[in-house]
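Opening a fresh page for this one. I want to go through the fold piece by piece and jot down what I find.

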Amino acid sequence: PGIAFGLDAPYSVEYHDWIASTNERARELAAEGETDVAVVADEQTGSRGRLDREWVAPSGGVWLSVLTRPDVPTARAPLFTLAAAVATTDAAREAGVDARIKWPNDVLVGGDGSGSEVPDPAAPGRGGPKLAGILTEMEGEADRVGWLVVGVGVNANLDPETLPAGATSLSAERGGPIDRRRFAATLLERYAELTASPGALDEVLPAWRERASTLGRRVRVDTAEGVVEGTAVDVTEPGALVVDTDEGRRRVHAGDCEHLRD
Ligand code: BT5
C-alpha cells in the first residue's frame with residue numbers, strides 16, 4: 001500500500017511506490033522550473049546521505065523531499081535544514097516517540113545515556129540511535145536562494161535489523177506500526193509553517209534549541225578544517241554550532257558531530 005495523502009500545506013505531492021532518490025527527483029523538477037512539490041516514496045533504490053554516503057531506504061520508511069524557491073538570502077539556507085529537523089522531531093513526538101536533534105541534521109531517539117527506559121526531558125542526553133537524517137541541496141542565484149531541496153529520511157515502519165548499525169525506527173521504538181500518512185502530513189505541515197516567512201524563520205533556532213540533544217554536551221566535530229572538540233554551548237544564526245574548546249570559542253558551520261561521554 002502506498003502512502004499518498006492529503007495535505008494542509010502549500011505543496012503538491014508526487015508519490016512513488018519506489019524511486020532511485022526523492023532528492024534526485026526533486027532536483028529534476030527544479031530543473032524543469034517547478035516549485036512547491038513534495039516528492040514522497042515508499043522505497044528508494046539509490047538514495048544518498050551527505051558527502052555521497054549511502055542511505056538505506058527500504059519499503060516501509062518515510063522518504064521525502066520538498067522543493068521550494070524561498071525568497072531569502074543564501075546565508076539563511078541552513079535554517080531550512082534545522083526547520084526540517086524540528087518538523088521531523090515534532091512528527092515523531094506526535095507518533096509517541098521521544099525524538100531529539102543532533103547537530104546539524106540527525107534526529108535521534110532520546111535517551112540520557114543512562115540506559116533508563118524513560119528519558120528525562122529536563123535533562124536532555126546524548127540521544128540514542130538514529131531515527132532520521134536530512135540532506136539539503138540548493139542552487140543560488142547571486143546571494144539569493146534559487147531552489148532548495150530538503151530531503152528527509154525517516155525510519156518509520158522498519159525492522160532495525162534491515163538498517164545499518166546504530167539505526168532505529170519509529171515502529172521499533174513504539175512497539176507497533178505508525179500511520180505514515182499522518183506522520184508525513186504532520187512533518188510537511190510543520191515544515192511549511194516554520195519556513196513560511198522570514199518572521200517564521202526567526203523562530204526556527206529557538207525551536208531547534210528546545211529539541212536539541214547536542215547542547216551542553218561534550219562533542220567532537222569533524223570539519224573540513226580539522227577536528228573541533230569541546231562543549232557545545234549554542235547554535236547561532238544561520239545554524240553554526242558554537243563549541244567551547246581548550247583554545248577558546250569556535251563556530252563550526254559544517255561537519256560530522258559525535259556526542260562524547262562526559
Ligand atoms: C543523512 O546523511 O543523514 C541524510 C540522509 C538523507 C536521506 C533522505 S531520504 C529522502 C531524500 N532522498 C535521498 O536520496 N536522500 C534524502 P549522513 O549524515 O551522511 O548519514 C549517512 C549515514 O547514516 C550512512 O553512512 C550510514 O552510516 C547511516 N545510515 C544509512 N541509512 C540509514 C538509515 N536508514 N537510518 C539510519 N542511519 C542510516
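Which residue in strand 6 does Val107 stand opposite? I looked it up, and the partner is Ala132. Worth writing at the top of the page: I'm working from a predicted model.

**Strands 5 and 6**

I checked the pairing around that spot. Strand 5 covers residues 106-109, strand 6 covers residues 130-141, and the two run antiparallel, joined by three bridges.

**The whole sheet**

Next I traced the strand order. Seven strands make up an open sheet, and going across I read 1-2-3-7-6-5-4. The pairing is mixed. Strand 1 (12-19) and strand 4 (99-102) are the edge strands; each has a single partner strand, so one side of each has no neighbour in the sheet. I also looked up the twist, which averages 20° from one strand to the next.

**What lies on the sheet**

I then went looking for helix 4, residues 180-194. Helix 4 lies across strand 2 (37-44), strand 3 (62-68) and strand 7 (144-154). Against strand 3, helix 4 runs at about 30°. For the full tally, I noted six helices and twelve strands in the protein chain.

**Two domains**

How is the chain divided? I have domain 1 down as 12-210 and domain 2 as 218-259. Their centres, taken over C-alpha atoms, are 22 Å apart. Where they touch, 14 residues of domain 1 are in contact with eight residues of domain 2. On the domain 1 side, helix 2 (78-94) and helix 6 (204-210) each supply at least two residues. Helix 2 gives the most to that side, with four residues. I sorted the domain 1 residues of this contact by type and got eight nonpolar, two polar and four charged.

**Overall dimensions**

Last, I looked at the chain as a whole. Its C-alpha atoms fill a box of roughly 50 × 50 × 30 Å along the principal axes. Why does the radius of gyration fit a compact globule? A compact globule of 262 residues would come out near 18 Å, and the chain has 17 Å, so the two agree.

I also noted that 45% of the 262 residues count as buried. For contacts, I took pairs at least 6 apart in sequence: 61% of those join residues at least 24 apart.

Technical notes: Residues are numbered from 1 along each chain as its sequence is written. This is a predicted model: local features need pLDDT of at least 70, side-chain atom pairs count only at pLDDT 80 or more; totals for chains, interfaces and linings use all residues. Domain bounds come from an automatic or database domain assignment. Two residues are in contact if their C-beta atoms, placed from the backbone, lie within 7 Å. Ala, Val, Leu, Ile, Met, Phe, Trp, Tyr, Cys and Pro count as nonpolar, Asp, Glu, Lys and Arg as charged, and the others, Gly among them, as polar. Two strands pair if DSSP finds at least two bridges between them. Axes are lines fitted to C-alpha atoms, for helices over the stretch in contact, and angles run from 0 to 180 degrees between N-to-C directions. The radius of gyration is taken over C-alpha atoms; the globule rule is 2.2 Å times the number of residues to the power 0.38. A residue is buried if 20 or more other C-beta atoms lie within 10 Å of its own, exposed if 12 or fewer, and partly exposed in between; C-beta atoms are placed from the backbone.
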